[in-house]
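Grab a coffee and open the model in your favourite viewer. Below are some exercises on strands, helices, cavities and backbone angles, each with a worked solution.

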Amino acid sequence: MNSPSLLLSFVERLMNKPAVAYHEHQVIAVVEAICQEHGLQCEADAIGNRIVTLRTNPQAPSVALVAHLDHPGFEAVRPMSETTWEARFLGGVAEAYFRPGIRLLAYPGGLPAVLGAKLGDELRFQVQFEVPPTTPPEFLVWDLPTCTVTPDRIEGRACDDLVGVATILATLSELKRLNASVNFKGLITRAEEVGFQGTLLLAESGWIPTDTTIISLETSRELPPVQMGNGVIVRVGDRSSIFDSRFTRFLCEAAADLQKRNPEFRFQRALMGGGSCEATAFQEYGYRCAALCVALGNYHNSGSENRIAPEYVSVPDAHGMLELLVEIAHQMPQREALTGRLLVRLEKLATEARSRLLSECP
């Protein structure tokens, strides 16, 4: 399988581009280029979400993998002087992290800037430029390394959720290479960090048939009992919801089968209640949902001592998420048998209990 190296190449290409809610055009261009290179059908809905389709068997169960393009950052609002702009922050970062003097990059152009004083009660700030921008800035991001990949770690400004987007594209590319018999989509959404905006409008649009099973892919804040490096996480729920029990069980059974064949594959099962993911949004619109994630360090660039820092995830965990998704695709025709293993075990226990309890009934 060449998919692990493919995954890391997609991660680097995506993370090297800046993205903030409503300003995802640079990463969208990378998504479209990757789809063209790998022969994947890529369409845009009315609001610019990208839907990537691999439908080699229309009769196969419909599955959609979802991840989002945007990351917390600033939107430029208005000029206050030749070298000062007002900007508002889009996304979830605690106020203690916004220290004057933090270095930013403004786009288009990547022009250096510095965070200034807070304006009013909302997360609005002065942003100071060393020289007047020749082009009005549209959005700003933290001035952090974009992407560094080592054998153990992916680190950079925006693992969340570009690692998920890269995993969607690597999964579909690998399934296409394998000539897999599937009916899969990748739902790559906009403006998730400001209230699931792209996700909600896609869910309500009817673009995705309601008999589609949604699997949300995320990098999720590392919280006990999960541990980074211990494998991909089958996410049974988030802060808001518990996901579909039977399909979640199928994911666990598929993961267990994969582990029997490949002892190096590792997985965990946990609630991951640090935040809400896109599965919650789709579930409230009537879709059957499940979720996978990998543990994330420095969630939303929130490092120790209230310092802005790069996010990071485990490379083996990310590879494991890709490997499990390919396994899930192959196991979909047997999903009822895998899910039914629990009932077989329970019926065996019931038979043993009936014999003993009836013979010893007081």
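## Exercise 1: Two asparagines with positive phi

N306 sits in the loop between β16 and β17. Keep in mind that this is a predicted model. Task: find the phi of N306 and of N301, then decide whether each residue is buried or exposed, or in between.

Solution.
- Step 1: phi of N306 comes out near 55°, a positive value in a residue other than glycine.
- Step 2: check its surroundings. With a relative accessible area of 32%, N306 is partly exposed.
- Step 3: move to N301, in the loop between β16 and β17 (311-314). N301 isn't a glycine either, yet its phi is positive, at about 65°.
- Step 4: the relative accessible area of N301 is 0%, so it counts as buried, the cut-off being under 20%.

## Exercise 2: Cis peptides

Task: which residues does a cis peptide bond join in the loop between β6 and β7, and which in the loop between β13 and β14?

Solution.
- Step 1: scan omega for values around zero. Y107 and P108 are joined by a cis peptide bond, with omega about 5°.
- Step 2: place it. P108 belongs to the loop between β6 (103-107) and β7.
- Step 3: the other loop has a cis bond between P224 and P225, with omega about 10°. P225 is found in the loop between β13 and β14.

## Exercise 3: Walk the open sheet

Task: work out the strand order of the open sheet and name its edge strands.

Solution.
- Step 1: follow the pairings. You get 8 strands in the order β1-β2-β12-β3-β13-β16-β14-β15, with mixed pairing.
- Step 2: look for strands that pair on one side only. Those are the edge strands, β1 (41-44) and β15 (267-270).
- Step 3: for the twist, the average is 25° from one strand to the next.
- Step 4: zoom in on β12. Its partner β2 runs antiparallel to it, over 6 bridges, and R55 stands opposite N183. β3 runs parallel to β12, joined by 7 bridges, with A67 and I188 as bridge partners.
- Step 5: at the β15 edge, β14 (residues 232-235) pairs with β15 in the parallel sense over 4 bridges. R235 has A270 as its bridge partner there.

## Exercise 4: What covers the sheet?

Task: how many residues of β12 are buried, and which strands do α3 and α5 touch?

Solution.
- Step 1: count along β12: 7 of its 7 residues are buried.
- Step 2: split them by face. N183, K185, L187 and T189 are on one side, F184, G186 and I188 on the other, and both faces are covered.
- Step 3: α3 (residues 159-177) lies across β2 (50-55), β3 (62-68), β12 (183-189), β13 (213-221) and β16 (288-296). The angle between α3 and β3 is about 150°.
- Step 4: α5 also packs on the sheet, where it touches β13, β14, β15 and β16. Its direction makes about 50° with that of β16.

## Exercise 5: Close the barrel

Task: trace the barrel, then sort the side chains of β8 by face.

Solution.
- Step 1: the barrel closes with 6 strands in the order β4-β5-β8-β7-β6-β9, and the pairing is antiparallel. Its twist averages 45° from one strand to the next.
- Step 2: check the link between β4 (residues 73-79) and β9 (residues 139-142), an antiparallel pair with 2 bridges. E75 has F139 as its partner in β9.
- Step 3: β8 (residues 124-129) pairs with β5 over 5 bridges and with β7 over 4.
- Step 4: now alternate. F125, V127 and F129 point to one face and are buried, while R124, Q126 and Q128 point to the other and are not.
- Step 5: in the hairpin of β7 and β8, 5 residues lie between the strands, and G120 takes a positive phi near 75°.

## Exercise 6: Cavities

Task: how many cavities of 30 Å³ or more are there, and what lines the second largest cavity?

Solution.
- Step 1: the count is 2.
- Step 2: the largest cavity has about 70 Å³. Its lining has 8 nonpolar, 1 polar and 2 charged residues, W142 and R157 among them.
- Step 3: the second largest cavity holds about 50 Å³ and is lined by R246, F247, F250, R288, R335, E336 and T339. Both α5 (245-261) and α8 (335-339) give two or more residues to this lining.
- Step 4: by class, that lining has 2 nonpolar, 1 polar and 4 charged residues.

Definitions and conventions:
Residues are numbered from 1 along each chain as its sequence is written. This is a predicted model: local features need pLDDT of at least 70, side-chain atom pairs count only at pLDDT 80 or more; totals for chains, interfaces and linings use all residues. Side-chain values use heavy atoms; hydrogens and water are left out. On a 1 Å grid over the protein atoms alone, a cavity is a set of points where a 1.4 Å probe fits but cannot get out, and a pocket is an open set with protein on both sides within 12 Å along at least five of seven lines; lining residues have an atom within 4 Å of a point. Grid points are joined across faces, edges and corners, and a volume is the space filled by probe spheres set on the points. Ala, Val, Leu, Ile, Met, Phe, Trp, Tyr, Cys and Pro count as nonpolar, Asp, Glu, Lys and Arg as charged, and the others, Gly among them, as polar. Two strands pair if DSSP finds at least two bridges between them. Axes are lines fitted to C-alpha atoms, for helices over the stretch in contact, and angles run from 0 to 180 degrees between N-to-C directions. Contact means heavy atoms within 4.5 Å. Buried means under 20% relative accessible area, exposed over 50%, partly exposed in between (1.4 Å probe, protein chains only).
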